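Reader: I am new to this structure and would be grateful for a close look at one part of it. Please take one sheet, and then describe what lies elsewhere in the chain.

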Amino acid sequence: MRQDENKAMKISRRRMLGGTALAGTSLPLFCDLLAQRGSSPRAAAATAGHSGMAHASQDANGSLHMGFAAGPEVDHRSNGFDPSELVRDFDWGTTRRLASGRTLREWELVATDKDIQVAPGVTYSAWAYNGRVPGPTLRCREGDRLRIRFINGSSHPHTIHFHGVHPDFMDGMPGIGEEIGGGLIEPGGIFTYEFDAAPFGMHHYHCHVSPLAEHIAKGLYGAFIVDPKDGRPPADELVMVMNAFDTNFDSANEIYAVNSIGFHYARHPIQVKRGELVRIYLLNITEYDPINSFHVHANFFHYFPTGTALQPLEYTDTIAQAQGQRGVLELRFPHTGHYMFHAHKTEFAELGWLGFFEVS
Ligand SMILES: [Cu+2]
């Protein structure tokens, strides 16, 4: 019985892959993507090889044809965010100096219900901070005083729970801090979270209302970076939030991505410069799956778990993160070309969690 249920769920997930959820696009999506990458046959061939989908052939004109028509692009404008911009978008808030000499850093976050396209033809009824998934990447410096004004413009109660060190009533937990207007923030409610930026590292924030899995999976999360007092060495900095979407509400994901849009960085590789230090702030917020991973091809990176130390713990090409785990990756590309990065859980990669660095 149990086995049958599992099997049924598996079939339903595979059916999603086969087209049910992606009506309007020809499938598999993965192959659409490859067809679109016709201008970069080397990269496309590498992708095909990696996916195990050996549909590549050449048409009479000699251009690479993957056997499926090209699918349309996600409408970034209607989404209100574009992963190609989001990947380098750090929100430092507005600042002023307090009498004590410290910096006060302020943001306003508004939760709303919002439909977003997570793959061409796939609309997901998300809940979003400031109209985007992930929410803004909040960035500050160790020791800053932080003030986040939260407005719940959604039809459901929400909170913002920050990872960091702070008093319980600033923790965004329903039932705690209700006496000062905190805790659970009802629709239409407003609450200001205020605390010190500590410790330095790569952190995150998310809603903490039950059912928690749903409130996170719907999109209420974002990266929260606390820089060390003296900063880190200059680098080309990127933020990558590993997430996924349960588009048929069966408590399993159909679309996987970094920064929400499946295959976005395969269609639009992240441009980096040969020899330049690249720093990736990586977070796994994926709900419903116990673990996610990051692997880069033809290169290695230094890994700083949670970013709370300035010495790397590991030199590797693959790391795993449970939900809520995050870290800082540093690497340089010694050669030009196209370098794939993806979840080394192959199923996730084939469902969207895959992209390229284009090194010039
Ligand atoms: Cu919520």
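Author: What follows is an account of one open sheet, and then of further strand pairings, a metal site and a surface patch.

The model is a predicted one, and the description should be read with that in mind.

The sheet chosen here is open and consists of 5 strands, arranged in the order 15-23-22-17-20, with mixed pairing. Its edges are strand 15 (270-272) and strand 20 (318-322); each of these has a single partner strand, so one side of each is left without a neighbour in the sheet. On average, neighbouring strands in this sheet are turned by 25° against each other, with direction ignored.

One may begin at the edge formed by strand 15. This strand runs parallel to strand 23 (residues 354-359), and 3 bridges join the two. Within this pairing, Gln271 has Glu358 of strand 23 as its bridge partner.

Strand 17 (residues 291-296) deserves particular attention in the same sheet. Strand 17 is mostly covered, since 5 of its 6 residues are buried. Towards strand 22 (residues 337-342), strand 17 is joined by 2 bridges, and the two run antiparallel. Here Val296 is paired with Phe341 in strand 22. Towards strand 20, strand 17 again runs antiparallel, with 5 bridges between them. In that pairing, Ser293 has Ala320 of strand 20 as its bridge partner. In general terms, the strands of a sheet pair through backbone hydrogen bonds, either parallel or antiparallel.

Further pairings involve strand 18 (residues 301-305). Strand 18 is joined by 3 bridges to strand 19 (residues 314-316), and the two run antiparallel. His302 has Tyr315 in strand 19 as its bridge partner. Strand 18 is also joined to strand 21 (residues 326-331), by 4 bridges and in an antiparallel manner. In this second pairing, the bridge partner of Pro305 is Gly327 in strand 21.

Earlier in the chain, strand 8 takes part in two pairings. With strand 5 (residues 103-119), strand 8 runs parallel and is joined by 8 bridges. Leu109 stands opposite Phe150 of strand 8. With strand 10, strand 8 runs antiparallel and is joined by 7 bridges. There Arg145 has Asp196 in strand 10 as its bridge partner.

The metal site comes next. A copper ion is coordinated by ND1 of His158, SG of Cys207 and ND1 of His215, at 2.0 Å. The donor residues follow the sequence spacing H-x48-C-x7-H. His158 and His215 link distant parts of the chain: His158 lies in the loop between strand 8 (145-152) and strand 9, whereas His215 belongs to helix 6 (residues 212-217), and the two are 57 residues apart. Both of these histidines are buried.

A final feature concerns the surface. Phe169, Ile176 and Ile180 make a nonpolar surface patch of about 230 Å². Phe169 is placed in the loop between strand 9 (161-162) and strand 10 (190-196). Because its relative accessibility is 34%, Phe169 counts as partly exposed, whereas His158 is buried.

How values were computed
Residues numbered from 1 in each chain as written. Predicted model: local features only at pLDDT ≥ 70, side-chain atom pairs only at ≥ 80, totals over all residues. Heavy atoms only, no water. Patch = residues over 30% accessible without salt bridge, like charges linked within 9 Å, V, L, I, M, F, W, Y side chains within 5 Å. Areas by Shrake-Rupley, 256 points an atom, 1.4 Å probe, with all protein chains shown as cover. Salt bridge = Lys/Arg side-chain N within 4 Å of Asp/Glu carboxyl O. Buried < 20%, exposed > 50% of the residue type's maximum accessible area, 1.4 Å probe, protein only. Donors = N, O, S within 2.8 Å, 3.2 Å for Na, K, Ca; no water. Pairing = 2+ DSSP bridges. Axes fitted to C-alpha atoms, helices over the stretch in contact; angles between N-to-C directions.
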